[in-house]
Amino acid sequence: MSAVAAYRELLRIVGPAYVLVAFLGRVPLAMSQMGTLVLVSEATGRYAYGGAAAGVLAVANAVGAPFWGTLADRHGQRGTVLVQSLAGAAALVGLVAVADESPWAAIAVSGVAGLFIPQVGPLARVRWRPIAEGAAVGPRDDPAYRRMVVDAAFSYEGAADEASFVLGPALIGVLAFVGEPSVALLVGAALLAVFGTLFAVHPTAALTRVDRSAVPPAGRLLVPAFVLLVLAQAWVGVLFGSVQTGTTALTTAAGEPGVAGLVHAVLGVGSVAAGLTMAAVPERIGYATRSLAAAVALLVLAMPLLLVDTIAQLVVVVLFLGLAVAPYMISNFALAGQIVPEHRIGAAMTLLAGATGIGYALGSSVAGRLADAHGHSGAFVVPVATAALAVLTALAGQRASRRSRA
């Protein structure tokens, strides 16, 4: 089945309304980090405070995600995501209220917001396997059919995550330009309250509640293969953070600091395009093999970053680098779905997403220090080294994933 036909099957099973809700439900998370950075920086007149608030939000979200994922595994997504969406939206409104009062209060409220904002992308991935098994029409008993649906769904979800992290910052930029940073963050809060709630109460949420009496007592989450996947996703975050930092250093040195966000968005554009094509990859090519191939592509496509000296060169390199990002992430998430016990899948998906966030903070920090000392060239050493580590991790994961699946 072609990729186009596979995506049509997804729309037929769940309907376009669910796809729209699940996509818009994840945009507020993408808006919140940059929105917090812009709001607090302008309110205090200090980028240090804005960066601290955005960093606390990101780390709190990454640390809290596995807790919420475990809660969703035990009690279902409906109540869990509903509480997160409403509390997270309220916290963003609270952040706008205190931003002008005290930078420390803003940083504290940013942490609360990050703790509650739901990881809609990983939670949406959790729903697809039971959706495929309970499809209203179609050969539900055909493993190849279910595999096709899940493959296409994970490809779409990977592309949707990338698209949200292109759209989110762009919305912040536009809304902050036509209004104020506070307006931009309030729009993000409204989107979270509306579409986070709609995602929570959608009928597909009921499919994620596990019958605890039927759950086997055995089944550890932190098996070696899954630990390697967590590490692999951390490398993706390091790559994101370091590329963004190096891009900012280069564009600032070129006298065009305002285009840094647009250049980084090109990474997402290439990633979205590649992610959507993953549904066409033959089934005989396993996820572990796909992950290794994508990691090698990351290394090859990251190396030219060491040679760029102009914004135009950087745009071209970043565009092609993006072509390897989504296939790598999609393969890692799909592989986790195979090796993690079904009753821990929510915790697994959110833990992978949290690792990406922690890696982003680490990559930004390390690359920032190198950029201060050596300019953009120093910062771009980080994504190249990270891609090499991703290859080594993927190689180590080949054997571990086979043993876990067995």
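**Overall architecture and core packing of the predicted model**

The accessible surface of the chain amounts to about 16,600 Å², and carbon and sulfur atoms account for 68% of this area. The structure described here is a predicted model. Of the 406 residues in the chain, 54% are buried.

The secondary structure consists of 14 helices and zero strands, so that the order of elements from the N terminus reads α-α-α-α-α-α-α-α-α-α-α-α-α-α. The radius of gyration is 20 Å, close to the 22 Å that the globule rule gives for 406 residues, and the chain is therefore as compact as a globular protein of that length. Measures along the principal axes are in keeping with a C-alpha trace that spans about 60 × 45 × 35 Å. Contacts across the sequence were also examined: among those between residues at least 6 apart in sequence, 83% join residues at least 24 apart. As for charge, the chain carries 23 positive and 19 negative charges, and the mean positions of the two sets are 12 Å apart.

The interior contains a largest nonpolar core of 97 residues, in which Phe199, Phe226, Leu305 and Tyr328 touch the most other members. Helix H12, formed by residues 311-339, gives the most to this core, contributing 15 residues. A second core, separate from the largest, comprises 18 residues, including Ala53, Leu92, Leu95 and Leu185.

Individual positions illustrate the packing of the helices. Val81 is found in helix H4, which covers residues 77-98. With a relative accessibility of 0%, Val81 counts as buried, because this value is under the 20% limit. When residues up to four places away in sequence are not counted, Val81 touches Pro118, Leu123, Gly196, Phe199 and Ala200. One of these partners, Phe199, is also among the residues that touch the most other members of the largest nonpolar core. Trp68 lies 13 residues from Val81 along the chain, and the C-alpha atoms of the two residues are separated by 8.3 Å.

Ala347 lies in helix H13, which comprises residues 345-379. The relative accessibility of Ala347 is 2%, and this residue likewise counts as buried. Although Ala347 and Ala65 are 282 residues apart along the chain, their C-alpha atoms are separated by 7.9 Å.

Two further positions belong to the loop between helices H8 and H9. His202 lies in this loop, which is placed between helix H8 (181-201) and helix H9 (224-253). The relative accessible area of His202 is 19%, and the residue is therefore classed as buried, since the class takes in values under 20%. Leaving aside neighbours within four places in sequence, His202 is in contact with Tyr18, Arg78 and Arg127. Ala206 also lies in the loop between H8 and H9. In contrast to the buried His202, Ala206 counts as partly exposed, with a relative accessibility of 46%. The C-alpha atoms of Ala206 and Gly76 are separated by 6.8 Å, while the two residues are 130 residues apart along the chain.

Definitions and conventions. Residues are numbered from 1 along each chain as its sequence is written. This is a predicted model: local features need pLDDT of at least 70, side-chain atom pairs count only at pLDDT 80 or more; totals for chains, interfaces and linings use all residues. Side-chain values use heavy atoms; hydrogens and water are left out. A nonpolar core is a set of buried Ala, Val, Leu, Ile, Met, Phe, Trp, Tyr and Cys residues joined through side-chain atoms within 4.5 Å. Buried means under 20% relative accessible area, exposed over 50%, partly exposed in between (1.4 Å probe, protein chains only). Helices (H or I, at least four residues) and strands (E, at least two) are DSSP runs, numbered from the N terminus. Contact means heavy atoms within 4.5 Å. The radius of gyration is taken over C-alpha atoms; the globule rule is 2.2 Å times the number of residues to the power 0.38. Accessible areas come from the Shrake-Rupley method with a 1.4 Å probe; for residues, only the protein chains shown count as cover. Lys and Arg count as positive and Asp and Glu as negative; His and the chain ends are not counted. The place of a charge is taken as NZ of Lys, CZ of Arg, CG of Asp or CD of Glu.
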